[in-house]
Amino acid sequence: MAKKKEDTEAEFSGPPGLSKYAKDASKPIKVIVFKAAWCGACTALAKAKTLEKLVQAYPADAELITIDVDKDEETADEYEVQSMPAIFFEDKEGWILEEQSGSADYATFEKLFLKAKIKLKDGAR
């Protein structure tokens, strides 16, 4: 079951750093990546461009949002980021459909994305 970042509000106002993406997202699924410059796994993930390739493979369905936890601690706290990289697959309303702590290969991220897409299609939150 997906989690919503807002407790019980009817309308999503969203975390301060992401509310515009929730309200004005052009794609059904946002792939949100929390990273830091000092994080080795984050640097390796960025160099491999794994998530960029995933979003390019599904241009009608996904958009990539990258958040530096040192520049936006408030949003990282809102998402309860404990380790990095932290990746969330979220719909336009702010529901987290899938998530991953730590880096992974393309196949793993694609599997999570496709599971998120099915949940979105089925309305399973």
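# A walk through the chain, from one side chain outward

Start by selecting Thr75 and Asp72: their side chains make a polar contact with each other, at 2.8 Å. What you have open is a predicted model, so read every distance on this tour as a value computed from it. Thr75 sits in helix H4. Is Thr75 buried or exposed? Its relative accessibility is 0%, so Thr75 counts as buried.

**Zoom out for a moment**

Now show the whole chain as a cartoon. You should find five helices and five strands. Follow them from the N terminus and the order reads β-α-β-α-α-β-α-β-β-α. The chain has 125 residues, and 45% of them count as buried. If you switch on a surface, its accessible area is about 6900 Å², with 49% of that belonging to carbon and sulfur atoms. One more thing to keep in mind while you rotate: take the contacts between residues at least 6 apart in sequence, and 69% of them join residues at least 24 apart.

**The largest core**

Next, select Val31, Leu51, Leu54, Ile87, Phe89, Phe109 and Phe113. These are the residues with the most contacts inside the largest nonpolar core, which has 17 residues. Which elements supply at least two residues each to this core? Colour strand S2 (29-35), helix H3 (50-57), strand S4 (86-91) and helix H5 (106-122), and you have them. H5 gives the largest share, with four residues. As a general point, nonpolar side chains in soluble globular proteins tend to be buried together.

Stay here and centre on Phe109. Set aside the neighbours within four places in sequence, and Phe109 still has a good list of contacts: Leu45, Thr50, Leu51, Leu54, Ile87, Phe89, Gln100, Gly102, Ser103 and Ala104. Apart from this core there is another one, of 15 residues; pick out Cys42, Ile65, Ile67 and Ala86, which are among them.

**The hairpin**

Now select S4 together with strand S5 (residues 95-101). The two pair in the antiparallel sense, over five bridges. They form a hairpin with three residues between them. Click on Gly94 in the turn: its phi is positive, at about 95°. Then go to Phe88 and look across to S5, where its bridge partner is Glu99.

While you are in S5, find Ser101. Ser101 is exposed, because its relative accessibility is 52% and the cut-off for exposed is over 50%. What does Ser101 touch, not counting residues up to four places away in sequence? Ser83 and Pro85. You can also draw a line from Ser101 to Phe34: they are 67 residues apart along the chain, and their C-alpha atoms are separated by 9.7 Å.

**The aromatic cluster**

That line brings you to Phe34, so add Tyr79 and Phe88 to the selection. The three form one aromatic cluster. The model has four aromatic pairs by count. In one of them, the ring centres of Phe34 and Tyr79 are 5.3 Å apart and their planes meet at 45°, so this pair is tilted. It links distant parts of the chain: Phe34 is in strand S2, while Tyr79 is in the loop between helix H4 (73-78) and S4, 45 residues apart. Both Phe34 and Tyr79 are buried.

**From Tyr79 to Glu90**

Keep Tyr79 in view and select Glu90. A polar contact of 2.5 Å joins their side chains. Glu90 lies in strand S4, and with 0% relative accessibility it counts as buried. Now add Ile29. How far apart are Glu90 and Ile29 in sequence and in space? The separation is 61 residues in sequence and 5.5 Å in space, taken C-alpha to C-alpha.

**Last stop: Asp68**

Finish in strand S3 (residues 62-68), where you will find Asp68. Its relative accessibility is 15%, so Asp68 counts as buried. Follow the side chain of Asp68 and you reach the backbone nitrogen of Asp70, at 2.8 Å. Then show the surroundings: with neighbours within four places in sequence left out, Asp68 is in contact with Lys35, Ala36 and Ala37.

How values were computed: Residues numbered from 1 in each chain as written. Predicted model: local features only at pLDDT ≥ 70, side-chain atom pairs only at ≥ 80, totals over all residues. Heavy atoms only, no water. Core = buried A, V, L, I, M, F, W, Y, C linked by side-chain atoms within 4.5 Å. Buried < 20%, exposed > 50% of the residue type's maximum accessible area, 1.4 Å probe, protein only. Contact = heavy atoms within 4.5 Å. Areas by Shrake-Rupley, 256 points an atom, 1.4 Å probe, with all protein chains shown as cover. Pairing = 2+ DSSP bridges. Phe/Tyr/Trp six-rings, centres within 6.5 Å; stacked < 30°, edge-to-face > 60°. Polar contact = N/O pair within 3.5 Å; in protein donor to acceptor, adjacent residues only side chain to side chain.
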